[in-house]
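Could you take me around this structure in the viewer, one selection at a time? I would like to know what to pick next and what I will find there.

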Amino acid sequence: MNNRTEYISTPRRTKDIIARHGFSFKKSLGQNFLVDQNILHNIVEAAQLDDTKGALEIGPGIGALTEKLSQTAGKVTAVEIDQRLIPILTEVLEPYDNVRVEHADVLKVDLHELFRQDFEDVSKVSVVANLPYYVTTPILMKLLEEKLPLENIVVMIQKEVAVRMAAAPGSKDYGSLSIAVQYYSEPELVCVVPHTVFIPQPNVESAVIRLAVRQAPPVHVEDEAFFFDVVQSSFAQRRKTIANNLKSRFFPGEGRERLEELLAEAGIEPVRRGETLSIEEYARLSNVLHHAGIR
Ligand code: SAM
């Protein structure tokens, strides 16, 4: 196999592309490129794509994953922040006519507009990416909070963050991030990934996670912003009881009677800690507080 037909993601072709373009990695942009066929295959397979579907990739790098996506999905749009990678992507993705590369910071892109422009004629859309670890959470929360018409999100992220996103009540990893992600999606850990599949190798462990995006939240909440405020406040100090955390945030300078009454109305023992409450219990609690005029 010569260099023109070899996959971009083989270590040899990756090194060749990098050397020919004199590319130097920017750690500050989370640049760790994938050089493993099996992992790429697992990522693309987890997204359940076919040629009627679209894929939005965030941070294509030199196109390792983009190439696989273009061979599986009907349409691919890849958003890359680093201007130096744009001519490289134009060159290596030249054989694929279903890919559009946009030079932008994904956090600043109007994604609804991008979807109208690129994905009007596809049946479903997935986000598929090996995310830059320094902005994983802001990127995922933007995708989820903007309620984009997504089927799923399959991303390689720091393992520790993936475990927190998928954690169940009662575990030490369960927190406000678990609840935020699980309010919008059903997370599932796809696989844990060794350091050796990247150039250069990152210092942290990685994992692939799939978020099956919900059509509607699993619970009814009167006011979403207030619900998330209650959740965040309940984890403000993990060692404290839910009553103590809520008191500091919503009842400063008051006695405990009213708070305890409202907790009782929501069916929650004041001595419990935030990490033991399910998403249903947080919904009930925030609705009771909201009805009582607490803000
Ligand atoms: N997809 C490639 C791969 O798997 O080999 C590269 C993945 S690398 C972990 C992350 C990529 O995201 C880099 O190409 C980096 O330049 C890009 N990136 C970082 N911050 C970004 C942002 N805010 N918006 C878009 N791309 C970003």
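Start by colouring the protein chain by domain: the assignment gives domain 1 as residues 4–213 and domain 2 as residues 224–291. Keep in mind as you look around that this is a predicted model. If you place a marker at the centre of each domain, taken over C-alpha atoms, the two markers sit 36 Å apart.

**Stop one: where the domains meet**

Now select the residues in contact across the boundary. Domain 1 supplies 13 of them and domain 2 supplies 14. Putting the two domains together buries about 1000 Å², and carbon and sulfur atoms give 62% of that area.

Which residues of domain 1 lose the most area to domain 2? Select Tyr 174, Ile 179 and Tyr 183: together they account for 49% of what the domain 1 side buries.

**Stop two: polar links across the boundary**

Next, show Glu 224 and Lys 147 as sticks. They form a salt bridge, with their closest N and O atoms 3.2 Å apart. The count between domain 1 and domain 2 is 1 salt bridge. Across this interface there are also 6 residue pairs in polar contact. On the domain 1 side, the residues touching domain 2 divide into 6 nonpolar, 5 polar and 2 charged.

**Stop three: the ligand**

Finally, select the ligand and show what surrounds it. There are 22 residues around it, and Leu 34, Gly 59, Glu 80, Asn 130 and Tyr 134 come nearest.

Zoom in on three places:

- Asn 130: a side-chain N or O atom is 2.9 Å from an oxygen atom of the ligand.
- Gly 61: a backbone N or O atom lies 3.3 Å from an oxygen atom of the ligand.
- Pro 60: a backbone N or O atom lies 3.4 Å from a nitrogen atom of the ligand.

To end the tour, switch on the protein surface around the ligand. How much of the ligand does the protein bury? Alone, the ligand exposes 600 Å², and the protein buries 99% of that.

Conventions:
Residues numbered from 1 in each chain as written. Predicted model: local features only at pLDDT ≥ 70, side-chain atom pairs only at ≥ 80, totals over all residues. Heavy atoms only, no water. Domains from an automatic or database assignment. Contact = heavy atoms within 4.5 Å. Buried area = accessible area lost by both parts, 1.4 Å probe. Salt bridge = Lys/Arg side-chain N within 4 Å of Asp/Glu carboxyl O. Polar contact = N/O pair within 3.5 Å; in protein donor to acceptor, adjacent residues only side chain to side chain. Nonpolar A, V, L, I, M, F, W, Y, C, P; charged D, E, K, R; others polar. Near = heavy atom within 4 Å. Areas by Shrake-Rupley, 256 points an atom, 1.4 Å probe, with all protein chains shown as cover.
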